[in-house]
Amino acid sequence: MEILKIATERLSIRELVLSDIHGFYEYRSNPAVTRYQGFDTMTLEQAEAFIKDNSAKHFGKAGEWVQYAIENNETGKLIGDCAIKLDQHDIRIAEIGITISHLEHKKGFAKETLTGLLSFLFDEMELHRVVEIVDAENIASINLLKSTGFRQEGHFIENIFFKGNWGSEFQYAMLKREWDERKDKVQKT
């Protein structure tokens, strides 16, 4: 099976490996980072188990989330992770997610990761559609999605119970043809 590696100007999106454990744990154990995520803070043991379990997963299997490391090319440090899940019923559709370390916010890394993922999924893999589900209170992520041309398609009201409360979510999506119309503009910003 082919190893996934996506290169952007400042980042490498690559397989998540056990040597990433300390950087991964550093931000995955931070409540501010996990606030809007579908997962909760992790212990070091949980982080290690997650990485080990994820190492058996590879891009291309329908219905399975696969997590990837986001590495800063300049420092060689893990600055976050992202995930891709191909739709269980149609592998021309993918859902994605991005988590950036609290130490790396407001540096444009989330947008660079998102455009790298879109370029890979639409230009290389020729997928038809990419979806992202986002907490309705996660304004930073909503603004990121809008800035890259995602459309809001759904508003799910108190549809998920997590972290002791009912949460609402938005669904955003982009089609390949929409990416093709916008990609030059998005990749330059």
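**Exercise 1. Place E158 in the structure and list what E158 touches.**

Solution. Step 1: E158 is part of strand 7, where strands (E, at least two residues) and helices (H or I, at least four) are DSSP runs numbered from the N terminus. The model is predicted, so local features need pLDDT of at least 70 and side-chain atom pairs pLDDT 80 or more, while totals for chains, interfaces and linings use all residues. Residues are numbered from 1 along each chain as its sequence is written, and side-chain values use heavy atoms, without hydrogens and water.

Step 2: Leaving aside residues up to four places away in sequence, E158 touches W166, G167 and S168; contact means heavy atoms within 4.5 Å.

Step 3: E26 is 132 residues from E158 along the chain, and their C-alpha atoms are separated by 30 Å.

**Exercise 2. Work out the order of the strands in the sheet and find which strands are at the edges.**

Solution. Step 1: The protein chain has six helices and eight strands. Along the sequence they follow the pattern β-β-α-α-α-β-β-β-α-β-α-β-β-α.

Step 2: The eight strands form an open, mixed sheet in the order 1-2-3-4-5-6-8-7. Two strands pair if DSSP finds at least two bridges between them.

Step 3: Strand 1 (6–7) and strand 7 (151–162) are the edge strands, each pairing on one side only.

Step 4: Strand 5 (residues 93–100) pairs with strand 6 (residues 129–135) in the parallel sense, over three bridges. Opposite I93 stands R129 in strand 6.

**Exercise 3. Find which strands helix 1 lies across and which strands helix 5 touches.**

Solution. Step 1: Helix 1 (residues 21–28) lies across strand 3 (65–72), strand 4 (78–86) and strand 5, at about 85° to strand 4. Axes are lines fitted to C-alpha atoms, for helices over the stretch in contact, and angles run from 0 to 180 degrees between N-to-C directions.

Step 2: Helix 5 (residues 139–147) packs on the sheet and touches strand 6 and strand 8 (165–175). The direction of helix 5 makes about 155° with that of strand 6.

**Exercise 4. Describe the salt bridges of E71, E153 and K183.**

Solution. Step 1: Side chains of opposite charge can pair when their charged atoms come close. A salt bridge here is a side-chain nitrogen of Lys or Arg within 4 Å of a carboxyl oxygen of Asp or Glu. The whole structure holds 16 salt bridges.

Step 2: E71 bridges to R14, with the closest N and O atoms 2.7 Å apart. This pair links distant parts of the chain, with E71 in strand 3 and R14 in strand 2 (residues 11–15), 57 residues apart. Both E71 and R14 are buried; buried means under 20% relative accessible area, exposed over 50%, and partly exposed in between (1.4 Å probe, protein chains only).

Step 3: E153 bridges to R129, at 2.6 Å between the closest N and O atoms. E153 lies in strand 7 and R129 in strand 6, so the pair ties together parts 24 residues apart in sequence. R129 is buried, with a relative accessible area of 18%, whereas E153 is partly exposed at 35%.

Step 4: K183 meets D180 in a salt bridge of 3.7 Å, N to O. Because K183 and D180 are three residues apart in helix 6 (residues 176–188), about one helical turn separates them. Salt bridges that share partners join D123, K176, D180 and K183 into one network.
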